[in-house]
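Please open the model in a viewer and keep the sequence panel at hand. The tour proceeds by selections, each followed by a description of what is found there.

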Amino acid sequence: MTDLPTAGDSGWSDPDTLGAIPPVVAMTYCARCGNSANKGNHVLCRQRLAAEPPVHCTTCRRTLAVERSGREWTATCKKHGQTTGILQDA
Ligand SMILES: [Zn+2]
Ligand SMILES: [Zn+2]
């Protein structure tokens, strides 16, 4: 009979152990109007977002607490933390 060796697959990595990797944050909502980013047309929204800080969290749609300092902005979602950016000249 054939006895296959079954000892230690040391190269095997369990996907459950990958919890340390930060989750991919998908852009679900438009940061400007808060509607679904996949529906409708957000071209104008994107233009506005070049000159103004975002209003909504793109992940959960919560209203962001925005602080501005010159052209830099910091938008804080209660759930997803801070995002920062720099506004362009119009
Ligand atoms: Zn929009
Ligand atoms: Zn959020």
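A disulfide is taken here as a pair of cysteine sulfur atoms within 2.5 Å. By that criterion, the structure holds zero disulfides. The model is a predicted one.

**The whole chain**

Begin with the protein chain in cartoon representation. One helix and three strands make up its secondary structure, and their order from the N terminus is α-β-β-β. Next, display the surface: the accessible area of the protein chain is about 7,400 Å², and carbon and sulfur atoms contribute 52% of that area. Of its 90 residues, 18% count as buried. Among contacts with a separation of 6 or more, 25% are between residues 24 or more positions apart.

**The zinc ion (ligand 1)**

Select ligand 1, a zinc ion, together with its protein donors: Cys30 (SG), Cys33 (SG), His42 (ND1) and Cys45 (SG), which lie 2.0 to 2.3 Å from the ion. Along the chain these donors follow the spacing C-x2-C-x8-H-x2-C. Which arrangement do the four donor atoms around ligand 1 adopt? The arrangement is tetrahedral, because the angles subtended by the four donor atoms are 105 to 117 degrees, within the 85 to 135 degrees required of all angles. Cys30 and His42 both lie in the segment before α1 (43–51), so this pair ties together parts that are 12 residues apart in sequence.

Now colour these residues by accessibility. Are Cys30 and His42 buried or exposed? Cys30 counts as buried because its relative accessibility is 3%, under the 20% limit. His42 is likewise buried, with a relative accessible area of 9%.

**From Gly34 to Arg61**

Move to Gly34, which is also placed in the segment before α1. Its relative accessible area is 0%, and Gly34 is therefore buried. Beyond its neighbours within four places in sequence, Gly34 is in contact with Tyr29, His56 and Arg61. Draw a distance from the C-alpha of Gly34 to that of His56: the two are 5.7 Å apart in space and 22 residues apart in sequence.

Follow the contact list to Arg61, located in the loop between α1 and β1 (65–69). What is the phi of Arg61? The value is positive, about 75 degrees, although Arg61 is not a glycine. Most residues other than glycine have a negative phi. Arg61 is partly exposed, with a relative accessible area of 40%.

**The zinc ion (ligand 2)**

Select ligand 2, the other zinc ion of this tour, with its protein donors Cys57 (SG), Cys60 (SG), Cys77 (SG) and His80 (ND1), at 2.0 to 2.4 Å from the ion. The donors show the spacing C-x2-C-x16-C-x2-H, and the site is tetrahedral, with angles of 101 to 113 degrees among the four donor atoms.

How does accessibility vary among the cysteine donors Cys57, Cys60 and Cys77? Cys57 is buried at 7% relative accessible area, and Cys77 is buried at 3%. Cys60, by contrast, counts as partly exposed because its relative accessibility is 24%, and the buried class ends at 20%.

**The strands**

From Cys77, extend the selection to strand β2 (residues 72–77) and strand β3 (residues 81–86), which run antiparallel and are joined by six bridges. Three residues lie between β2 and β3 in the hairpin that they form. Show two of the pairings: Cys77 has Gly81 as its bridge partner in β3, and Ala75 stands opposite Thr83 in β3.

Add β1, which is joined to β2 by five bridges in an antiparallel arrangement. On this side of β2, Val66 stands opposite Ala75. The hairpin of β1 and β2 has two residues between the strands, and Gly70 in this hairpin takes a positive phi near 65 degrees.

Finally, display the side chains of β2. Which residues of β2 form the covered face, and which the uncovered one? Trp73, Ala75 and Cys77 are on the covered face, whereas Glu72, Thr74 and Thr76 are on the uncovered one. In a regular strand, side chains alternate between the two faces of the sheet. Cys77 makes a suitable last selection: this residue belongs to the covered face of β2 and is a donor of the zinc ion (ligand 2).

Note on methods: Residues are numbered from 1 along each chain as its sequence is written. Chains are lettered from A and ligands numbered from 1 in the order in which they are written. This is a predicted model: local features need pLDDT of at least 70, side-chain atom pairs count only at pLDDT 80 or more; totals for chains, interfaces and linings use all residues. Side-chain values use heavy atoms; hydrogens and water are left out. Donors are N, O and S atoms within 2.8 Å of the metal (3.2 Å for Na, K and Ca); water is not among the atoms, so sites may look incomplete. Four donors count as tetrahedral if all angles lie between 85 and 135 degrees; four count as square planar and six as octahedral if opposite donors are over 155 degrees apart and all others between 65 and 115; anything else is irregular. Buried means under 20% relative accessible area, exposed over 50%, partly exposed in between (1.4 Å probe, protein chains only). Helices (H or I, at least four residues) and strands (E, at least two) are DSSP runs, numbered from the N terminus. Contact means heavy atoms within 4.5 Å. Accessible areas come from the Shrake-Rupley method with a 1.4 Å probe; for residues, only the protein chains shown count as cover. Two strands pair if DSSP finds at least two bridges between them.
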